[in-house]
Amino acid sequence: QIERHRGQQNIDRALQTVHGLRDHGLKVRGHNMVWPTTHQDWVGQLSGQPLRDAVHHHIQWTMNQTRGLLEHWDAINENLHGQWYKNRLMDRDFDLQVFRWMHEADPYPKLFPNDYSVVASGAATNAFKAEGLRLKNANVSMYGMGIQCHFGLNVKPDPILIKQRLDTLAEVGVPLWTTELDVKNLDEDVRADWYEMALTALYGHPAVEGILFWGF
């Protein structure tokens, strides 16, 4: 939403929120720089070098605006579930370039890929491990991996499956951050118990460095 219309960037509201949080001693995570499953209408009309230049400019401008304010950035969000930029540019390694551009623009924030169905469900666990190894081996300054952890409605967290999936992702050898944890049950007592189960399993794993809630 930073640039709904080309050349008309507006990040004021977000920056006000960030400054307010920091004034209260809270650290802030940037979410997200590039989201391959969605884009503004004007971006969809671009291809080739103009598209590459537009993404590069977006990264440079945004990183300059947030310099010194954010601890983390989700560089690529849900890359396993959308390939629009790669397909449009015919460049399977474009996600690597996003990480490089972000680190060049501001080397301070820790950079992550962020994805779902990797711990709460295991549909994409192995694929995310492969992506993490690819990013790590490319030396693009990936710090860790963001695991969303959205448990569906009435889906009770299973500590055994959570540990198994975390073990798989831990093989990449970088810190794991739970970035969007939520459980869903209309009974608030059941919901509290399920949060306890999920949090115990996540915090109990040595690869998990931090946890953020989603809609809590």
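**Exercise 1. Strand pairing around β2**

In what sense do β1 and β2 pair, and over how many bridges? Then follow β2 to its other partner and describe its burial.

*Solution.* The model is predicted.
- Step 1. β1 and β2 are parallel partners, joined over four bridges.
- Step 2. Locate a facing pair: Gly-30 stands opposite Trp-73 in β2.
- Step 3. Trace the connection. The chain leaves β1, passes through α2 and enters β2, and this β-α-β crossover is right-handed.
- Step 4. Turn to strand β3, residues 110–115. Five bridges join β2 to β3, and the two run parallel. Here Ile-76 stands opposite Pro-113 in β3.
- Step 5. Count burial. Six of the six residues of β2 are buried, so β2 is largely enclosed by the rest of the structure.

**Exercise 2. Helix α2**

Check the length of α2 (residues 48–65) against the rise per residue, then find its buried side.

*Solution.*
- Step 1. α2 has 18 residues. At 1.5 Å a residue, 26 Å is expected. From first C-alpha to last, the helix reaches 26 Å.
- Step 2. List the residues under the 20% cut-off for relative accessible area. In α2 the buried ones are Leu-51, Arg-52, Ala-54, Val-55, Ile-59, Thr-62 and Met-63.
- Step 3. Project down the axis. These residues cover an arc of only 160°, which puts them on the same side of α2.
- Step 4. Identify the cover. It includes β1 (29–34), β2 (72–77), α3 (84–89) and α4 (94–105).

**Exercise 3. Helix α7**

Which residues of α7 are buried, and which are exposed on the other side? Check the helix length as well.

*Solution.*
- Step 1. α7 spans residues 188–203, 16 residues in total. The expected span at 1.5 Å a residue is 22 Å, and the end C-alpha atoms are 22 Å apart, which agrees.
- Step 2. Trp-194, Tyr-195, Ala-198, Ala-201 and Leu-202 are buried. They fall within an arc of 135° seen down the axis, so they line one face of the helix.
- Step 3. On the other side, Asp-189, Glu-196, Thr-200 and Tyr-203 are exposed.
- Step 4. The cover over the buried residues includes β5 (150–153), α6 (159–170), β6 (176–184) and β7 (208–213).
- Step 5. Inspect the start of α7. A side-chain oxygen of Asp-187 comes to within 2.9 Å of the backbone nitrogen of Asp-189.

**Exercise 4. Unusual backbone geometry**

Where is the cis peptide bond, and what is the sign of phi at Glu-78 and Cys-149?

*Solution.*
- Step 1. Recall the baseline. Most residues other than glycine have a negative phi, and most peptide bonds are trans.
- Step 2. The bond from His-31 to Asn-32 is cis, with omega near -10°. Asn-32 belongs to strand β1.
- Step 3. Glu-78 is not a glycine, yet its phi is positive, about 60°. Glu-78 sits in the loop between β2 and α3. With a relative accessible area of 12%, Glu-78 is buried.
- Step 4. Cys-149, also not a glycine, has a positive phi of about 65°. Its place is the loop between β4 (145–147) and β5. Cys-149 is buried, at a relative accessible area of 3%.

**Exercise 5. Gln-83**

Where does Gln-83 lie, and which backbone oxygen does its side chain reach?

*Solution.*
- Step 1. Gln-83 lies in the loop between β2 and α3.
- Step 2. Its relative accessible area is 30%, so Gln-83 is partly exposed.
- Step 3. The side chain of Gln-83 reaches the backbone oxygen of Asn-79 at 2.7 Å.

Definitions and conventions
Residues numbered from 1 in each chain as written. Predicted model: local features only at pLDDT ≥ 70, side-chain atom pairs only at ≥ 80, totals over all residues. Heavy atoms only, no water. Expected span 1.5 Å × (residues − 1). Buried < 20%, exposed > 50% of the residue type's maximum accessible area, 1.4 Å probe, protein only. Arc of directions from axis to C-beta. Contact = heavy atoms within 4.5 Å. Polar contact = N/O pair within 3.5 Å; in protein donor to acceptor, adjacent residues only side chain to side chain. Pairing = 2+ DSSP bridges. Right-handed = clockwise from strand over helix to strand, strands pointing away.
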